[in-house]
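Got a model on the bench and want to know what its parts are doing with each other? Have a look, then read on.

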Amino acid sequence: MTIHLSTKKIIKDWIDYNNHMNVSYYLLIFDKYGADTLNDIFKMGEYSAKTTKKSTMMVESHITYNQELLVNDEVDINLVYFNHDKKRLQYKMEMIHKEKKYIASTIEVIDL
């Protein structure tokens with residue numbers, strides 16, 4: 001089962017000298033517009049950090065770069081796998097080109 005977390009438009013500031021999105025911004029999108037949304041859903045995000053002084057920490061990740069993204073492309077960030085125990089969260093997200101429907105990138109994460 002896939003859960004849509006957010007949609008983001010690729011902005012000019014994220015484009016490198018090859019005219020496609022720089023690799024560092026893939027992580028930014030996954031973290032800020034995917035993981036933060038996921039943490040908010042489970043009440044583990046900013047509110048939890050400020051009120052209980054408890055939060056999560058990404059300790060491992062693996063990103064694939066499958067197909068380039070260009071300025072003004074829109075992508076959907078989807079959660080495609082989630083598992084957990086008392087200490088760990090394990091999940092996978094996909095970045096899907098909104099119009100062309102290809103998988104531009106994936107990330108697999110372990111959070112504590």
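Here are a few questions and answers on the core, a helix and an acidic residue.

This is a predicted model, where local features need pLDDT of at least 70, side-chain atom pairs count only at pLDDT 80 or more, and totals for chains, interfaces and linings use all residues. Residues are numbered from 1 along each chain as its sequence is written, and side-chain values use heavy atoms, with hydrogens and water left out.

Q: Which element gives the most residues to the largest nonpolar core?
A: A nonpolar core is a set of buried Ala, Val, Leu, Ile, Met, Phe, Trp, Tyr and Cys residues joined through side-chain atoms within 4.5 Å, and buried means under 20% relative accessible area (exposed is over 50%, partly exposed in between; 1.4 Å probe, protein chains only). Elements are DSSP runs numbered from the N terminus: helices (H or I, at least four residues) and strands (E, at least two). Those giving two or more residues here are H1 (23-41), S3 (74-84), S4 (89-97) and S5 (103-111). With five residues, the top giver is H1.

Q: Where does H1 bend?
A: The bend at a residue is the angle between axes fitted to the seven residues ending there and the seven starting there. For H1 that angle is about 30°, at Asp-31.

Q: Which residue's side chain is joined to that of Asp-76 by a polar contact of 2.6 Å?
A: Asp-76 is in strand S3 and is buried, at 11% relative accessible area. A polar contact is a pair of N or O atoms within 3.5 Å; within protein, one must be able to donate a hydrogen and the other to accept it, and residues adjacent in sequence count only if both atoms are side-chain atoms. Lys-98 makes one with Asp-76 at 3.3 Å. The 2.6 Å partner is Thr-7.
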